Structure formats: C-alpha cells, structure tokens
Amino acid sequence: MLPLTARSASALKGRVRVPGDKSISHRALMLGCLAVGETRVEGMLEGEDVLATAAAMRAFGARVERTGEGAWTIHGVGVGGLLEPEDVLDMGNSGTSTRLIMGLVASHPITAVFTGDASLRRRPMQRVIDPLGQMGASFVSRSGGRLPLTITGRAPATPITYTLPVASAQVKSAILLAGLNTPGITTVIEKEPTRDHSERMLKGFGADLWTETTPEGTAIHVRGEAELKPGRIVVPGDPSSAAFPVVAAAILPGSDVLVENVGINPTRAGLFTVLKEMGADLAYENEREVGGEPVADIRVRGSALKGIEVPPEIAPSMIDEYPILAVAAAFAEGTTIMCGIGELRVKESDRIAMMAAGLAACGVRVTEEPEGLIVEGTGGAPVPGGATVAAKLDHRIAMSFAVLGQHAKAPVTVDDASPINTSFPGFVALMTGLGAELAVVEEQK
C-alpha cells in the first residue's frame, strides 16, 4: 500500500507534458509485432500496462527493445508468424492488452494462457470470447469468462460480420486484429462510434481497411491475410492522462496551465467538449496532425463551472474520464447528471460505486444510479474532504481523488496510489510541479 495525501492548493500554473497515449502505445507494439522489419516508436507510454504488452509481444517472438526515453524498436514476426508463448502471460492490470492480444491469438494456431492482478481477474472477457469463438478460437476460463483464461486459436479462422452489442473499442479491435490473419473480409458494425486508433494505425501499417455507413451503423471491414509494413510512430500525449491536470486547473481559481502535445482525436476528446459546455475556460492551441492523429496544446484556466446533463451518446468518447468529470461536477454550480454509463461498473473497479462512495465520504452530495451518477456541486467552494478513499487497484479512482483534494477544506487521502503507475508514471511529480499539494507516504509493511 502506498497512501497519497492531497491538501488544499493555491492556483496551479505551468506548462507540462503528460505521458504518451496508452491506447496508441499498446497498438503500436502489437502491429509492430505483426509487421516484418523494424518499427520505431517515439513517445511510448512506459507505464506498467504498456510494459505488459511489450513483454507479451516478446513472448510471441518479436524483438522489442527500449532505445531511450519513450523510444522503442520492434522487429516483428509478420501476420501469421506468432510463436506460442512458453509461459503464462501476466497482463497485470491491463484489460486493453488482454482483450486485444486475445484477438491476435484467435487466428493463429497457438495456445496462450492469460492471467493478471486481482482487478483484471474480475473483469469480464465474455464480450471478446463470443465473437472470437465464432471465428473458430476455443477458450477455457473461469465462470463469466474471467481470467485465468486459455485461448487456442485456429488457422485458417472464419471471417465474420459482427454487430457490437455494446460500444467497445476493445472488442472491435480484437475482432479486426483477428481478421488480419483470416482469409476473406472480417466486418465489425458499431452503432455508436468508439475510439478509432486501431483503424487509423492499421491503415498506416498498410492493412486493407475501409468503412461504410449502413442502416445498422458504421461497418468497418478488414481484408485478411494482410502484409503489414513497418514504420515510424509518434505517440501523442494521452488525453485520459491530460484530463487530471486539466480538471485540477479548471476547479482552482487563478490557475493557468498549458498541457502540451495532447491527442484530441474526436473519439477520445469528449471530456474536453463537456468541460467547455460546463463553462470551463479551455482552448486548443497549435492544432496539428502527428502520425495521422490530431494533436493540440490545451490551455485551461480556473473558471466557474455549471452543472449540466451529460448526453449519454458522448460516453464512448470519454468513458475513462467519468471519474474525473465527477470531480469537476463536485465544484460546479447546480446539478450534473451522468447517465448511460453502466460500462463503468466493469472497469478496473465498479467506478460508479467507487466514485459515489468516495465523493460522499468527502462531503459531496451524490446519488448513485444503476447506470449513472448525479452530483450536486458546491458552486466553486471547497468540498469538506477529510476522508480516506479506497482506490481498489484503480488508477483513475486514485488520481481523481488526488485532484479532488486540491480544493478540499481537509486533506483527502487515497489508500493506495501504486496503481497510478499503470498509466501515468510521474503523476505526483507533474502535479506538484504545477503547485499541487500531494505527498506520498512511504510504503507500509
């Protein structure tokens, strides 16, 4: 356990860069493994989740090397060339790694065994098992499709057309990755748009991928037996990580923070859109495109926020940001209603329940709904605080309450900040560099 205490801070000021985008980093490693030749990646997130993906790619036969800070090379084995791992793949806390790599294995004639930490072992994998099973892969798992899990792929696999029952970029990506080594055309239909990093990067690696609008939704097609070409990938800053200094600056009067080089892919930037609607003084500067991804510097100043009803259709573009949005809502004037977010109950923790419990413990008026949260804001005044909040191995819960504590009358403590390293190594140093009052207690025995 590594407790982290947050105390009331004055205005935050400065210019920072957050770590590389986690979603793009995972995919760069996986597609680099499927390309023949050397892929070079700059700006790679070096958090524990991405390092778990790197280790898995080595287990499948790729040569993956770190050449400098955020700089990596991958010498791939080619589509169809994955080797069978000699040992169990420990995916730590990374649901993205697990689900996407299951897609890779599904169309290769190999067997792989996945496990992870206590949080990951609770997360449902059935939503990936179902379509990959239709393609011919076989599975042995715990009840509910939970880890530890064994998958045996099939080659040739069977191409399918699959309509996503729930919006999930991970399920979509797993099917598309399986389709790369499947003869014919594999199609995923999504009724609501989800993050499209896989589609962008697959095209960049030379896959024959195209989309079309159908009465059922957007159909994404990939032609199998692909030959991927290596290349150079520049990873932008992760908008999910940028969310924490952005909200911290927005809720503290007098703050003025510039977060540089943030990915603003519209399938990921929902939080920034919602914050603007709440009245945040937030602007994109120096907008540009890097490696096929839209990027900008985000300037945010302390501002008066107002409560709104967040439209449920925006959820896929900000599903990971609802915990920190709930923190912003705690300081808004009036009520913020977040609905249609039942997906949060099957993340690293039950994030609806965790945020409701933590906010209530800190003196915030909050109502937990089956698929949502209703938060009554303070109108900009500090919240009471004074609580110790359980993180339950969830990095975003830990960081969210570290931000809440910056504008609380009494200190707020997160019981265990160690999960933060899964996605945002250097979080405490970055925030304190801006003026945040954060202190880590030495690990308790």
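This dialogue reads several features of a predicted model of one protein chain.

Trainee: How many helices and strands does the protein chain have?

Mentor: There are 13 helices and 26 strands in the protein chain.

Trainee: What does the radius of gyration say about the protein chain?

Mentor: The value is set against a rule for globules of the same number of residues. Here the radius of gyration is 21 Å and the globule rule gives 22 Å for 445 residues, so the chain is as compact as a globular protein of that length. The C-alpha trace spans about 60 × 50 × 45 Å along its principal axes.

Trainee: What share of the residues is buried, and what supplies the exposed area?

Mentor: Of the 445 residues, 57% are buried. The chain exposes about 15900 Å², and 49% of that comes from carbon and sulfur atoms.

Trainee: How do I read contacts by their separation in sequence?

Mentor: Take the contacts with a separation of 6 or more, then find the share from residues 24 or more positions apart; in this chain that share is 77%.

Trainee: Where do the centres of the positive and negative side chains lie?

Mentor: The chain has 40 positive and 51 negative side chains, and the two centres are 1 Å apart.

Trainee: Moving to local features, in which sense do strands S8 and S9 pair?

Mentor: S8, residues 138-142, and S9, residues 146-152, pair in the antiparallel sense over five bridges. One bridge joins Ser 138 to Thr 152 in S9. The two strands form a hairpin with three residues between them. In the turn, Gly 144 has a positive phi of about 80 degrees.

Trainee: Which residues of helix H5 are buried, and what do they pack against?

Mentor: H5 covers residues 126-134, and its buried residues are Val 128, Ile 129, Pro 131 and Leu 132. They pack against both hairpin strands, S8 and S9, as well as helix H3 (95-106), strand S10 (161-163) and helix H6 (169-179). Just after H5 comes Gly 136, with a positive phi of about 115 degrees.

Trainee: Is Thr 115 buried or exposed?

Mentor: Compare its relative accessible area with the cut-off: buried means under 20%. Thr 115 has 19%, so Thr 115 counts as buried. This residue is found in strand S7, residues 111-115.

Trainee: Which residues is Thr 115 in contact with, leaving aside its neighbours within four places in sequence?

Mentor: The contacts of Thr 115 are Val 88, Leu 89, Asp 90, Met 91, Gly 92, Leu 120, Arg 121, Leu 147 and Pro 148.

Methods: Residues numbered from 1 in each chain as written. Predicted model: local features only at pLDDT ≥ 70, side-chain atom pairs only at ≥ 80, totals over all residues. Heavy atoms only, no water. Helix = DSSP H or I, 4+ residues; strand = E, 2+ residues; numbered from the N terminus. Rg over C-alpha atoms; globule rule 2.2 N^0.38 Å. Buried < 20%, exposed > 50% of the residue type's maximum accessible area, 1.4 Å probe, protein only. Contact = heavy atoms within 4.5 Å. Areas by Shrake-Rupley, 256 points an atom, 1.4 Å probe, with all protein chains shown as cover. Lys, Arg positive; Asp, Glu negative; His and termini not counted. Charge placed at Lys NZ, Arg CZ, Asp CG, Glu CD. Pairing = 2+ DSSP bridges.
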